[in-house]
Amino acid sequence: MSEILKGLLNQKKTDFDVIDTADMNISHCMGCGHCWLKNPGTCVINDDYAGIMQKIITADQLWVISDTALGFLNHKGKNVFDRILPILCIYLEFRGDQMRHILRYDKRTDIGIIYQGEANRNYLQQWLDRCTDNLDSKSLGAYPVAELKEAAKCMH
């Protein structure tokens, strides 16, 4: 799938990096709060995610390509989202009528999902919308692999 995506993006002459997490060690978020309290902006888990975080902080877009499990993103796809927490501060503010964490950095990274397997697309879309609301960014949509060309139209 990543080769097809690379081909589509090369046709658009888009600057991109594809990070294949299949063989990477990405642990789940432990909810320890160190990224807020003890090491602001830095996760204490020493694994392959640190490099991904640096790219997320500076990227215009992040596309998470994930298999599914139990009708949702599998654990690796979900871990990518859960570990974004260090870009938020512990402090809160109102955005509209909702309380949200203040972002640590000025850059906003828009996020999309491409999933392979069985999932409820509407639910994934709603969940992604909520995630991007929390990150004060834009949802680029949730697309099954069969609609990879449609997802590529949103990429720049």
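Biologist: How does the lining of the second largest pocket split by class: how many nonpolar, polar and charged residues?
Modeller: There are eight nonpolar, two polar and three charged residues in that lining. Nonpolar takes in Ala, Val, Leu, Ile, Met, Phe, Trp, Tyr, Cys and Pro; charged is Asp, Glu, Lys and Arg; the others, Gly among them, are polar. This is a predicted model, in which local features need pLDDT of at least 70 and side-chain atom pairs count only at pLDDT 80 or more, while totals for chains, interfaces and linings use all residues. Residues are numbered from 1 along each chain as its sequence is written, and side-chain values use heavy atoms, with hydrogens and water left out.

Biologist: Which residues lie nearest the centre of that pocket?
Modeller: F81, L88, C131, N134 and L135, out of 13 lining residues. Helix 4 (75-82), strand 4 (98-103) and helix 5 (121-134) each give two or more residues to the lining. Helices (H or I, at least four residues) and strands (E, at least two) are DSSP runs numbered from the N terminus.

Biologist: How much space lies in the second largest pocket?
Modeller: About 250 Å³. A volume is the space filled by probe spheres set on the grid points, which are joined across faces, edges and corners. The grid is 1 Å over the protein atoms alone; a pocket is an open set of points with protein on both sides within 12 Å along at least five of seven lines, a cavity is a set where a 1.4 Å probe fits but cannot get out, and lining residues have an atom within 4 Å of a point.

Biologist: And cavities, how many of 30 Å³ or more?
Modeller: Two. The largest cavity has a volume of about 100 Å³, and the second largest has about 70 Å³.

Biologist: What lines the largest cavity?
Modeller: The lining includes C29, C32, C35 and C43, along with D82 and R83. By class it comes to nine nonpolar, one polar and two charged.

Biologist: Which residues line the second largest cavity?
Modeller: I56, I57, I87, L103, Y105, K107, R108, T109, L135 and S137. That lining divides into six nonpolar, two polar and two charged residues. L135 is also among the residues nearest the centre of the second largest pocket.

Biologist: I56 and I57 are in helix 3, right? Which residues of helix 3 are buried?
Modeller: Helix 3 (residues 49-58) has Y49, I52, M53, I56 and I57 buried. They span an arc of only 140° around the axis, so they sit on the same side of helix 3. The arc is that of the directions from the helix axis to the C-beta atoms. Buried is under 20% relative accessible area, exposed over 50%, and partly exposed in between (1.4 Å probe, protein chains only).

Biologist: What covers the buried residues of helix 3?
Modeller: The cover includes strand 1 (61-69) and helix 4. On the face turned away from the buried side, helix 3 carries the exposed residues Q54 and T58.

Biologist: Staying with helix 4, is N79 buried or exposed?
Modeller: N79, which is found in helix 4, counts as buried at 7% relative accessibility. Leaving aside neighbours within four places in sequence, N79 is in contact (heavy atoms within 4.5 Å) with I26, S27 and H28.

Biologist: Sheets next. In what order do the four strands of the open sheet stand?
Modeller: 2-1-5-6, with mixed pairing. Strand 2 (72-73) and strand 6 (139-144) are at the edges with a single partner strand each, so one side of each has no neighbour in the sheet. Strands pair if DSSP finds at least two bridges between them.

Biologist: How many bridges do strand 5 and strand 6 pair over?
Modeller: Five, in the parallel sense, with strand 5 covering residues 110-116. I113 stands opposite A142 in strand 6.

Biologist: And what joins strand 3 to strand 4?
Modeller: Five bridges again; strand 3 (residues 88-95) and strand 4 run antiparallel. R95 is opposite Q98 in strand 4. Two residues lie between the strands of that hairpin, where G96 takes a positive phi near 70°.

Biologist: Fine for a glycine. Which phi does L70 have?
Modeller: L70 is not a glycine, yet has a positive phi of about 55°. Most residues other than glycine have a negative phi. L70 lies in the loop between strand 1 and strand 2 and is exposed, with a relative accessible area of 90%.

Biologist: Where does D136 lie?
Modeller: In the loop between helix 5 and strand 6. D136, not a glycine either, has a positive phi of about 50°, and is partly exposed at 37%.
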